[in-house]
Amino acid sequence: ARGLLPHALYWDTLDPYHYVRLEPLTEDSELLIVGGEDHKAGQVKDEADRWRRLEAWARERFPIQAVESRWSGMVMETLDGLAFIGRNPLDKENVFLATGDSGMGMTHGAIAGMLLSDLILERENPWTRLYDPSRKPVRGMAWKEFLSENANVALQYAADWLGGSQVEACEDIPRGEGAVVMRGVQKTAVYRDDQEVCHERSAVCPHLGCIVHWNNGEQTWDCPCHGSRFDALGQVINGPANSPLEKISQPEETEARFE
């Protein structure tokens with residue numbers, strides 16, 4: 001009901017933290033937007049349970065009524081909490097990027113507008129080095145986390161490439177879900193839709209070659225290495241990948257001819 005909670009942006013100090021804000025809905029009611037239960041993309045199996053835990057956390061603290069909707073989004077985090085804004089270190093000189101907002105997109109968006117304009121027009125800007133995407137960690141703890149994160153990525157590569165099929169055949173996948181299936185030496189992302197039609201794509205993320213995982217909560221394929229996300233049919237919906245999961249090449253049919 002409108003007026004039960006003062007308008008503000010609330011958050012706690014847990015890690016990951018919960019946050020709460022209000023959005024007007026009708027003359028008599030408001031939407032309470034509650035977020036939290038963060039996890040690394042593609043590295044958990046309990047996505048749906050996290051919404052239930054988030055709802056339970058909110059009901060303990062606020063007089064909420066029905067849950068209107070549920071969704072998840074990607075938060076790109078850097079080691080120092082500052083965005084990557086500037087020239088893309090892996091691309092041409094005229095390619096710029098702004099990412100790694102670490103939950104501070106409104107602030108970093110304004111900074112990016114000013115900083116990128118100056119870089120494009122070749123004007124000096126005192127923030128260039130601070131937000132440089134190619135910067136390295138400068139603190140001891142940041143280096144420890146840097147090494148830990150890269151070790152985590154290496155572990156994902158090894159575990160997923162060496163692992164086998166999650167199911168034997170498409171018929172073993174419940175309707176509306178997906179699984180990684182081996183086709184010879186090829187890892188295939190197989191989605192079985194509600195009509196029991198199986199859709200197959202390569203399970204290899206086109207960004208840097210990690211194996212995607214099925215997300216039961218959002219019905220997506222998520223990359224556990226760098227956070228790319230693809231819809232059930234393999235179309236990219238979240239970077240750093242900028243192309244869909246590759247189509248599976250089918251062997252050409254041959255015909256014997258007698259003359």
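The paragraphs below go through a predicted model, beginning with a sheet and a surface patch and ending with the cysteines.

In the N-terminal part of the numbering, three strands make up an open sheet whose order is β1-β2-β3, and the pairing within this sheet is antiparallel. Strands β1 and β3, the latter covering residues 30–35, are the edge strands, since each of them pairs on one side only. Strand β2 spans residues 19–24, and its antiparallel pairing with β3 runs over 6 bridges. Within this part of the sheet, Leu 22 stands opposite Leu 32, a residue of β3.

The segment that precedes β1, a strand formed by residues 10–11, contains Leu 9. This leucine has a relative accessible area of 52% and is therefore exposed, because the term applies to values over 50%. Leu 9 also belongs to a nonpolar patch on the surface, which it forms with Trp 11 and Tyr 17, and the accessible area of these residues together is about 370 Å².

Turning to the cysteines, which of them are joined in a disulfide? The bonded pair is Cys 210 and Cys 225, whose sulfur atoms lie 2.0 Å apart, and the count for the model comes to 1 disulfide. The link connects distant parts of the chain, with the two residues 15 apart: Cys 210 sits in the loop between β8 (198–202) and β9 (213–215), whereas Cys 225 sits in the loop between β10 (220–222) and β11 (229–231). The torsion about the S-S bond of Cys 210 and Cys 225 is about 45°, and the disulfide is therefore right-handed. Both partners are covered by protein: Cys 210 counts as buried because its relative accessibility is 1%, and Cys 225 is likewise buried, with a relative accessible area of 10%, the limit for this term being under 20%.

Another two cysteines call for a separate look, and here one may ask why Cys 205 is not bonded to Cys 223. The closest cysteine sulfur to that of Cys 205 belongs to Cys 223 and is 4.0 Å away, which is too far for a bond, because a disulfide requires sulfur atoms within 2.5 Å. Seen from the other side, Cys 223 takes part in no disulfide, and its nearest cysteine sulfur is that of Cys 205. The absence of a bond does not go together with exposure in this pair, for Cys 205 is buried at a relative accessible area of 2%, and Cys 223 also counts as buried, with a relative accessibility of 0%.

Key:
Residues numbered from 1 in each chain as written. Predicted model: local features only at pLDDT ≥ 70, side-chain atom pairs only at ≥ 80, totals over all residues. Heavy atoms only, no water. Patch = residues over 30% accessible without salt bridge, like charges linked within 9 Å, V, L, I, M, F, W, Y side chains within 5 Å. Areas by Shrake-Rupley, 256 points an atom, 1.4 Å probe, with all protein chains shown as cover. Salt bridge = Lys/Arg side-chain N within 4 Å of Asp/Glu carboxyl O. Helix = DSSP H or I, 4+ residues; strand = E, 2+ residues; numbered from the N terminus. Buried < 20%, exposed > 50% of the residue type's maximum accessible area, 1.4 Å probe, protein only. Pairing = 2+ DSSP bridges.
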